[in-house]
Amino acid sequence: MTKEMYDVAIIGSGIGGLSAAARLAKSGYKVLVTERFRMLGGRCSTVNLNGYLLSTGAIGIEKSGPLEQTFLDVGAAFPIKRPDPQLAYHVDGKTYTMPPRGGLRWLLHHVAADERDAEKVMSMMKRAMMWEEPSMSISFRDWLAQYTSDPNIHGAMQGVIAAMLVINAWEVPAGAFIQFLKTGGYRDFGICEGGNINMIESLADVVRKNGGTIWNNASAKRILVAKWTATGLVIDRPGGQVEVGAKVVISNAGPKNTIGLAGRENFERGYLMEVDQKIRPGPVVALFVASDRPLIQHPGAFIPVNTRRVCLMFQTTLTCPELAPKGMHYLEAFSAFTDSLGPVDLKKEIEMNIQDVRDIVGEAFDKHGRILAAECFHGDWPAVHSWPGYDVGQKTSIEGLYNVGDGAKLPGWYSGTPSAAETARVVVEDIQNRYKPGAN
Ligand SMILES: Cc1cc2nc3c(=O)[nH]c(=O)nc-3n(C[C@H](O)[C@H](O)[C@H](O)COP(=O)(O)OP(=O)(O)OC[C@H]3O[C@@H](n4cnc5c(N)ncnc54)[C@H](O)[C@@H]3O)c2cc1C
């Protein structure tokens with residue numbers, strides 16, 4: 001076994017891992033990123049399926065938030081193109097485009113049996129934002145039920161919550177949804193030109209240009225721990241196993257996997273209990289449909305309400321035509337699982353998604369559409385590693401071992417990629433305060 005030394009060794013090249021790596025490399029730390037796959041970027045990357053550049057996860061990339069700030073801070077290009085218009089609701093077979101603000105009020109007034117109920121709900125949400133956030137012990141659905149029993153308002157809020165947070169209104173803590181509204185998540189967003197891999201390569205370039213090292217096809221097998229302190233990694237590489245030493249280890253593999261890699265025996269019992277009790281992955285179904293014409297005419301986030309399951313659709317190629325072969329398009333449709341903690345019938349979840357898309361698109365679905373892929377993102381590759389409000393902190397009970405990514409989100413930052421970038425920012429700040437670069 002050979003041994004190399006780094007200031008910081010990072011497991012995983014997701015947006016959280018690479019954001020941390022770019023920030024650290026830029027400020028003089030000797031950084032190693034080790035990624036188990038050939039592809040960098042994790043759930044924010046691109047796969048090429050017969051000329052269709054499909055996302056491995058994220059589609060709507062928030063602008064003007066912690067993610068864009070990361071790119072600005074490290075001087076990396078942020079090739080995100082805004083769709084115009086950005087948001088539409090699809091209600092009772094009709095599509096309504098929305099201004100960046102005020103859409104939710106419009107939606108509730110539009111669907112409510114009695115407009116006074118819609119107004120009451122809006123004013124209670126405003127009060128929750130301005131005065132006191134609701135408890136984290138009550139679901140948003142139960143919180144809402146205090147103010148209305150209108151099934152259309154409940155249906156509309158379920159659609160919006162599933163679209164934004166990928167879990168259901170009966171699962172998300174009311175306090176977490178209100179925190180999300182306060183940060184203005186996804187109010188301004190776009191799609192990555194040429195696919196998410198461009199955004200990822202732009203961060204990876206910063207790492208490399210500042211002396212950092214990125215290994216792909218390199219799976220971290222073990223986090224080395226001595227005297228309750230992280231000391232390095234054992235990594236499987238194509239040429240054999242290597243051991244690297246590091247003053248700090250950052251894991252982008254999700255808090256549960258981090259425990260597996262370092263060994264449960266090395267953590268404090270209280271930390272293990274917190275991770276075991278809190279972490280709840282949020283799964284999602286994604287359907288990709290190719291066609292020779294757009295199947296919906298809206299280029300941005302298309303939120304259908306009162307569906308069986310589908311909560312969000314993107315006719316991505318209206319904004320970024322380069323994502324499909326010339327003259328072709330693809331549509332992506334997401335749905336939250338009926339029960340995010342499961343077990344669920346995966347085949348049925350996919351069927352419900354397809355049925356919804358067929359209903360929304362109409363006869364063009366079968367006439368012009370061809371299903372490219374239908375995937376359940378769950379287990380080790382979920383939409384989020386933990387539900388909003390169910391995150392653990394970034395520091396672990398092992399000194400020098402941090403988590404970044406969407407399983408260690410900060411309160412309020414619940415949109416996928418921005419939340420991961422924000423964890424990297426606070427972890428890097430902590431590292432800069434505790435560890436000097438160099439001097440191994
Ligand atoms: C279908 C879907 C749709 C989504 N839509 C959106 C959206 O529209 N907008 C949005 O902002 N977010 C969206 N998200 C969420 C977003 O993709 C994630 O929140 C974000 O990409 C997670 O980043 P991360 O930093 O947690 O790292 P991850 O993407 O989880 O990356 C972790 C990396 O670590 C690697 N790794 C794990 N274990 C090891 C090991 N032992 N050794 C080496 N490498 C390892 C993995 O291979 C991976 O590359 C979506 C997700 C999915 C799945």
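**Exercise 1. Work out how β1 pairs with β2, and then how β13 is placed among its partners**.

Step 1. Begin with β1 and β2, which pair in the parallel sense over 4 bridges. Two strands count as paired if DSSP finds at least two bridges between them. Helices (H or I, at least four residues) and strands (E, at least two) are DSSP runs, numbered from the N terminus. Val 8 has Val 31 in β2 as its bridge partner.

A word on the model before going on. It is a predicted one, in which local features need pLDDT of at least 70 and side-chain atom pairs count only at pLDDT 80 or more, while totals for chains, interfaces and linings use all residues. Numbering runs from 1 along each chain as its sequence is written.

Step 2. Now turn to β1 and β13: these pair in the parallel sense too, over 8 bridges. Glu 4 faces Val 244 of β13, and Ile 10 faces Ile 250 of β13.

Step 3. Look next at β12 (residues 229-237), which is joined to β13 by 6 bridges and runs antiparallel to it. The two form a hairpin with 2 residues between them, and Gly 232 stands opposite Gly 245 in β13.

Step 4. Finish with β19 (residues 401-403), a parallel partner of β13 over 3 bridges. Here Ser 251 is matched with Asn 403 in β19.

**Exercise 2. Find the strand order of the open sheet of 3 strands**.

Step 1. Read the order as β5-β9-β6, with antiparallel pairing. The edge strands are β5 (61-62) and β6 (80-81), each of which pairs on one side only.

Step 2. Check one pairing in detail. β5 is joined to β9 (residues 189-192) by 2 bridges, and the two run antiparallel. Ile 61 has Gly 190 in β9 as its bridge partner.

**Exercise 3. Decide how far α1 is enclosed by the rest of the structure**.

Step 1. Take the geometry. α1 has 12 residues and reaches 16 Å from its first C-alpha to its last, close to the 16 Å expected at 1.5 Å a residue. The expected span is 1.5 Å times one less than the number of residues.

Step 2. Apply the burial rule: a residue is buried if 20 or more other C-beta atoms lie within 10 Å of its own, exposed if 12 or fewer, and partly exposed in between, with C-beta atoms placed from the backbone. In α1, 12 of the 12 residues are buried, so the helix is largely enclosed by the rest of the structure. Among them are Arg 23 and Lys 26.

Step 3. Ask what surrounds the helix. Its buried residues pack against β1 (3-11), β2 (31-34), α2 (66-74), α8 (196-209), β13 (240-251) and α13; contact here has C-beta atoms, placed from the backbone, within 7 Å.

Step 4. See what comes after. α1 is followed by Gly 28, whose phi is positive, near 95°.

For contrast, try Lys 94 in β8 (residues 94-98). Lys 94 is exposed, with 9 other C-beta atoms within 10 Å.

**Exercise 4. Place the ligand relative to the domains**.

Step 1. List the domains. The assignment gives domain 1 (3-79 + 194-279 + 387-434), domain 2 (101-183) and domain 3 (282-377); such bounds come from an automatic or database domain assignment.

Step 2. Examine where domains 1 and 3 meet. Their centres, taken over C-alpha atoms, are separated by 29 Å. The contact takes 11 residues from domain 1 and 15 residues from domain 3. On the side of domain 1 that touches domain 3, β4 (residues 52-55) gives the most, with 3 residues. That side divides into 6 nonpolar, 5 polar and no charged residues. Ala, Val, Leu, Ile, Met, Phe, Trp, Tyr, Cys and Pro count as nonpolar, Asp, Glu, Lys and Arg as charged, and the others, Gly among them, as polar.

Step 3. Describe the shell. Of the 36 residues around the ligand, Gly 12, Gly 14, Gly 42, Gly 405 and Gly 416 come nearest; a residue is near if its C-beta atom, placed from the backbone, lies within 6 Å. Elements giving two or more residues to the shell are α1 (15-26), β11 (219-226), β14 (284-291) and α13 (416-434). By class, the shell has 15 nonpolar, 17 polar and 4 charged residues.

Step 4. Conclude. Domain 1 and domain 3 both give residues to the shell, so the ligand lies between them.

How values were computed: Contact = placed C-beta atoms within 7 Å.
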